[in-house]
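Biologist: I am new to this structure and would like a close look at a single part of it. Please take one contact and describe what surrounds it, step by step.

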Amino acid sequence: MKPFEYSKAENTTSAIKLAGNSSMYISGGTNLIDLMKKHIHEPDKLIDLTDAVSSEITVQENGIRIGAMVRNSTLAEDSLILDKFPLLSRAILKGASPQIRNMASTGGNLLQRTRCPYFYDTALPCNKRIPGSGCGALEGNNRMSAVIGYSNSCVAVHPSDMCVALVALDTKVEILKPDGNTEMINFEDFHRLPGDNPQKDNNLPDGAIITAIEIQNNSFNKNYDYLKLRERESYAFALISVAAALELSGNLIREARLASGGVAHKPWRWKDAENFLKGENATEENFKKAAELAIEKIAPLEDNKFKTEMLKGAIQQSFMNCVTNR
Amino acid sequence: MKTEASNTYSRRFFIKSSSAFTTLAFIPNSVKSFFYQVKEKFFVKKQKIPLSVSINNKEYRLDVDTRTTLLDLLRENIGLTGTKKGCDHGQCGACTVHIDGERRLSCLTLTAMIPGKEITTIEGLAKDGKLHPMQEAFIENDGFQCGYCTPGQIMSAVACVQEGHTGSTEEIKEFMSGNLCRCAAYNGITRAIQKVAP
Ligand SMILES: Cc1cc2nc3c(=O)[nH]c(=O)nc-3n(C[C@H](O)[C@H](O)[C@H](O)COP(=O)(O)OP(=O)(O)OC[C@H]3O[C@@H](n4cnc5c(N)ncnc54)[C@H](O)[C@@H]3O)c2cc1C
Ligand code: FES
Ligand code: FES
């Protein structure tokens, strides 16, 4: 690791004041310390946010507010979350390990970097790590890579499970900008597609802090599912993951949500499939059609052609699980 | 794309760069490390900070480099080598310790971030010369072979019981998945946990 200065911020205002050109914030450290050991991030200064940012889960008039310092394990086991947004809990528990979830923060989870092997191996080219060096995965080993929304500059995927549930649940991200202003960003607009500058994972302005996320009340707490397919049953990143949720009235679908991890540079919403299902009956046949609508637009790479069938099956299965409440 | 790539990395480029690397490899390590030391001394400022940390109910006052992970502090600075370094990147669980009673990875924890917290390592489990019930259970149930992952497994297992994630064999396996065992003593580990679980 490169030497760095360390300071603990007392509140968000002082954290922003402490920030400089080559400083970075640290919360759980589960991603950042790893990347610093590999010399992928080399900040001159670390600003510890653990005392500065809220670690509270609070009920609001029309939803729930989750402080950015709430640990992943606390969030997954919180009774309010289990009651109102059990999909979120399920997704979190499918990620990482109990030790890592005890450390990882809500804000840090949104900002974790890709697990693309070319990003992690400093001997290989990667536009995300060194802009202009090329994308090694595009024509190289792209088994884990994206199948939609990628560019010639980058085919990496966002690795989070929690974020797949959050994008499905129409979350908002609260940020504090260096100029002192607060802004709410729709979760869907928080992460970005790679385009020509894949070094930027999201639309968080430089030096800004994630202070909280807010989830609006909804009726997706009865028929929901998070399905994660990976190389081993636990403690591995997703090849494909699916968050599905239905608001049913009898057998009629009033609202549907469908999102995936392991497919794109950002947690991906399948809006066409959602719109198709709205107003239809919850049948195996309709779920199959929804899955077909989703995979219609994907364009897999050389090594990840298997993701097409995998995704199709996972979407169908996930909706079936919603109905049977597995 | 393929042709573009081969244009950038021509034969000449390959021969030039590989001969440069070969030359580099012949410089003795002692000379290289001398240069690194000079570079560290004059060009990058290391930061040491005074800290007071509590490990197994004992207070330690130390000056530590800000880069020191809790794992390195335990093993290198304090001499508590029970906690093991498997991967040093959060992928194996060998370095699991308790911080304020919660299981966490010491390889991804900066020492600078833990003052005021209570750390428990494998050395702190036994009380009054008597092994912790989980330690006993690991011995009785063949919860290990080579023993390298064992301190991490036991720290994780104690927390797993405290958290109440021992409802079924499947639940135990899922909530112990953050601890890898290259000897695959998994069945023994699960049995040991079932013995201790309420
Ligand atoms: C072995 C391993 C397996 C894993 N498996 C999974 C998995 O299966 N699924 C999954 O979803 N995740 C997985 N993870 C990733 C884990 O979930 C993330 O590392 C974690 O969520 C990051 O949170 P953190 O608080 O530790 O972030 P940190 O490491 O502290 O920070 C990450 C980034 O966010 C920035 N940052 C942190 N907090 C803020 C804030 N409030 N405002 C602004 N910037 C901030 C930091 O500067 C840094 O750039 C795994 C990690 C490991 C090591
Ligand atoms: S050494 Fe910490 S997880 Fe492997
Ligand atoms: S006992 Fe050998 S690694 Fe687990």
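Modeller: Glu163(B) and Arg103(B) form a salt bridge, with 2.8 Å between the closest N and O atoms. This is a predicted model, and the distance is computed from its atoms. To place the pair, start with the division of chain B into domain 1, residues 46-124, and domain 2, residues 125-198. Arg103(B) therefore falls in domain 1 and Glu163(B) in domain 2, by the bounds of the domain assignment. Between these two domains the count is one salt bridge. Polar contacts there come to 10 residue pairs, both partners being at pLDDT 80 or more. On the side of domain 1 of chain B that touches domain 2, the residues are three nonpolar, 10 polar and four charged.

The centres of the two domains, taken over C-alpha atoms, lie 21 Å apart. Domain 1 of chain B brings 17 residues to the contact and domain 2 of chain B brings 20. Together the two domains bury about 1,400 Å², and carbon and sulfur atoms carry 52% of that area. Arg103(B) appears again here: with His98(B) and Ile122(B), Arg103(B) supplies 44% of the area that domain 1 of chain B buries against domain 2, more than any other three residues.

The contact with the other chain can be described in the same way. In chain B, 37 residues are in contact with 35 residues of chain A. The two chains bury about 3,000 Å² between them, 56% of it on carbon and sulfur atoms. Of the area that chain B buries against chain A, 21% is supplied by Arg67(B), Leu108(B) and Met113(B), more than any other three residues supply.

Between chain B and chain A the count is also one salt bridge. Its partners are Lys37(A) and Asp88(B), whose side chains meet at 2.8 Å, N to O. The two chains have 18 residue pairs in polar contact, both residues at pLDDT 80 or more. Strand S4 (102-105), helix H6 (150-163) and helix H7 (169-175) of chain B are the elements that give two or more residues to the side touching chain A. The largest share, four residues, comes from S4(B). That side of chain B divides into 13 nonpolar, 14 polar and 10 charged residues.

Note on methods:
Residues are numbered from 1 along each chain as its sequence is written. Chains are lettered from A and ligands numbered from 1 in the order in which they are written. This is a predicted model: local features need pLDDT of at least 70, side-chain atom pairs count only at pLDDT 80 or more; totals for chains, interfaces and linings use all residues. Side-chain values use heavy atoms; hydrogens and water are left out. Contact means heavy atoms within 4.5 Å. Buried area is the accessible area (1.4 Å probe) that two parts lose on being put together, summed over both. A salt bridge is a side-chain nitrogen of Lys or Arg within 4 Å of a carboxyl oxygen of Asp or Glu. A polar contact is a pair of N or O atoms within 3.5 Å; within protein, one must be able to donate a hydrogen and the other to accept it, and residues adjacent in sequence count only if both atoms are side-chain atoms. Ala, Val, Leu, Ile, Met, Phe, Trp, Tyr, Cys and Pro count as nonpolar, Asp, Glu, Lys and Arg as charged, and the others, Gly among them, as polar.
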